[in-house]
Amino acid sequence: MLAILGALALPGAASARQDAAAAAPETAPAYQPPTRIRSIQVTGNQRVEANTVASYLLFSPGDPYSEERIDLSLKTLYSTGLFADVLIDPRDGNVLIQVIENPIINRVVFEGNRSLKSDKINDEISAEPRSLFTRAQVQEDVQRIIELYRQSGRFGATVEPKVVEQPQNRVDLIFEISEGPVTGVKSINFIGNTEFSDRKLRKEIATSESSWYKFFDSNDNYDPARLEFDREQLRTFYTNRGFADFRVVSAVAELTPDQEDFYITFTLDEGGEYRWGDISVETELEALNKDFLERLVNIEEGEVYNSSQIENAIDNLNFAAGTSGYAFVDIQQDLRLDRETKTVDLVFNVVEGPRVYIERIDIVGNTTTLDYVIRRELELVEGDAFNRILLDRSRNRVRALRFFEEVEIEESQGSSPDRAVVEVRVTEQPTGELSFSAGFSSADAFLVDLSITQRNLRGRGQLLRAVIRASSNRREIDLRFTEPRFLGRNLAGSIELFDVVIDFLDEAGFRSTRTGGQVSLAFPLTQNTSLSARYSLRSESIEFPQENQCDQVLQASQTGQLSAQSTQLLSLCQQVGGRLSSIFGYTFGWDRRNDPITPTGGFDARFSQDVAGIGGDVRYLRTDVRGNYYKGLFPGVIASASLSGGYIRGWGGDPVQINDRYFKGNFDFRGFDNAGIGPRVVNYVAETGSTLIPTAAGGFDGRAQAQGGNLFGLAAAEVSFPVGLPQLLGSFFIEAGTVGLLDESFQYNIITDPGASGLTAGASCDGVTAAGVICQRTVDTLDPRVTAGASIFWESPFGPIRFDFAQPIVKQPFDDRQSFQFTTRTRF
């Protein structure tokens, strides 16, 4: 390989020396070195200026001649990497510098690579078009490519570099690759383990044994870097279970003779199981109480030793010191193992560290987002005392913007030991979102949701969203703009315009239209709480298919001559027409999640109220609450629980109209269709009062009609986990909820079919026991419903997709159920 590179990489070098030898006379007098440098002449250079070549020399015209300086100048010219060959001929003091420049790479070509894309290899090597060609560089790139293939499990890969000369001292660099077979892991064995089985330990490491069915597993090949990670995983596993002096004696990988598989053997020294001994905290800082700090450690004497508790305790102590005003603390841990008693004593020494101040904050990687949008989320500025807790909070605040795929904050020493430079490194991600969702229900309902959102308009952090939503029961156009720093203050201002048509003809027998706008202001109260206020003004109207009968129904109501059908329509007729709603509201938010995007601990809660009636034609008070709790169970496994509820009541003598009530189901309550639960108008046999007539006999169009409720409550618990395939997550969930408390003025209890009883249609059903009489009643019992199911989340190439499968396990016979739905979206 080197011979090929030597011959091809130094075009003209050998011939230049041969020509010089041929031109030399057969006999020459003894060489007499000159005493002084008279002149310098550079030849052979094509791209590099002669003055540039002379600038690397350690001598100049007029200097005394020095063999040492000539030799150092020769080495200096070679070290620039610009030249393939250099010859310095001092002659009689007129020094001749003959150079052969390294070629320029015209293009880089990969041949034979199938498992690795050329782009991935290009990212790892240093050779690129228009760069200098050197033999050392090519050899380094060959090793990088071979290492890439080894990381992908191909230890038999070979790389042969070739050079094709082109005009104007350019070359094409070709890497001929023979990938070889994938080298798997035949078996993973453990020696020295008595407490845990091989099978258990194999689950704790990243490397896995090769099997024919592991199509998507990329860890079933040998990778030296992964093997080091496995050693650390084993150490963490054992030390978290009491084995304080555990160590991995060796980790050996042996290649089979056919070079297709590896045998990996871990030799372990488990040691013994330890328990915590004496735990204490020592500090001389006046504002920190020793007893209080020891309670924060949260390690009990006598418990099984767990190394992860040390890091948690240090985090708690750092936080306590930071909140007490000590930005510079050094927490030193003194761990003492007693092998006789098998106990571990631990002492935390909390001392004040050296004071460091922030000299400069650099923002790196923001190609779209303007600097000030990121800086205003930071809780530190130049000149502030360095504080790790505030930096961590700042990172979460920047991540919460959802403008960046990655956010990292690193510090380095500044111009002096007491100065630090903070670098905020971000990786932009698409902030425009084209969202599409679709679903299917048991009633053959289909929904489509299309929205276009730009969350970082012009890189200024502004939100602009347009939504067009169409489904079996909802059509919506919504336009919203939000300025996160209204008037230059920490105040988010937004304006929204909307036109919404809610079609519940099938579910509840009405269609409503809302057109209007809303303005709102939001601001933080504390580090974890916020408050927003809003005002909306909207024009609303209600219609239903029998609207043309309303004049007759209302007239019959005044004369007391309502028929059964008229009685059924009266409550809707009283709500038909247009009205103006003037609504003031506020929302209080409390967020204590440990991560704003993927929380594994903490909670968040919201409390909101809306008052309608300060102007307008509608009067009510609506109160809504919602809370979520998160807990990481294992790496990648997250449990969550949520509670939500709401209550609305009219005031000033006004009942709650049907389009202001709560209708729950679908995405709010998986397992049920839109408006799938809650008060219903159904037909009963009056004789027993408990037998439900099939839906074909009840309601306006043969269905049990949903009425909505003034109160709802929902609870859910879910556990999400990886399913073993890349970009795929699963979850199991259980949900429970209820809707009810309809105003009495909108509840039915009338005879619809008197049969042969002689009773009058439209009369009350109370006390009726005659056979064959059918009554129409409103069922409003607040009976709970419960569903259970599973979800699958797939980060597909064209966007995330979610599938929900739910099955009601506690239900009512008149509920509308839905067993499957899915959503997807893509970003730009």
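1. A cavity, as the word is used here, is a set of grid points where a 1.4 Å probe fits but cannot get out. With that in hand, welcome to this predicted model. A search of the whole structure turns up 5 cavities of 30 Å³ or more.

2. Let us start with the second largest cavity, which holds about 50 Å³ of space. Its lining includes the run Val779, Asp780, Thr781, Leu782 and Asp783, and also Gly678, Pro679, Val739, Arg785, Gln812 and Phe814. By type, the residues of this lining divide into 5 nonpolar, 3 polar and 3 charged.

3. Next comes a pocket. The second largest pocket has a volume of about 970 Å³. It is lined by 21 residues, and the closest to its centre are Glu204, Leu633, Phe634, Pro635 and Gly636.

4. Which elements give two or more residues to the lining of the second largest pocket? They are helix H7 (198–204), helix H8 (224–239), helix H10 (308–323) and strand S25 (620–634). H10 provides the largest share of this lining, with 4 residues. The lining residues of the second largest pocket divide into 7 nonpolar, 10 polar and 4 charged.

5. Finally, please have a look at Pro103, in the loop between strand S3 (94–101) and strand S4 (104–111). Is Pro103 buried or exposed? Pro103 has a relative accessible area of 1%, so it counts as buried, the cut-off being under 20%. The C-alpha atoms of Pro103 and Asp172 are separated by 9.7 Å, and the two residues are 69 residues apart along the chain.

Terms used:
Residues are numbered from 1 along each chain as its sequence is written. This is a predicted model: local features need pLDDT of at least 70, side-chain atom pairs count only at pLDDT 80 or more; totals for chains, interfaces and linings use all residues. Side-chain values use heavy atoms; hydrogens and water are left out. On a 1 Å grid over the protein atoms alone, a cavity is a set of points where a 1.4 Å probe fits but cannot get out, and a pocket is an open set with protein on both sides within 12 Å along at least five of seven lines; lining residues have an atom within 4 Å of a point. Grid points are joined across faces, edges and corners, and a volume is the space filled by probe spheres set on the points. Ala, Val, Leu, Ile, Met, Phe, Trp, Tyr, Cys and Pro count as nonpolar, Asp, Glu, Lys and Arg as charged, and the others, Gly among them, as polar. Buried means under 20% relative accessible area, exposed over 50%, partly exposed in between (1.4 Å probe, protein chains only).
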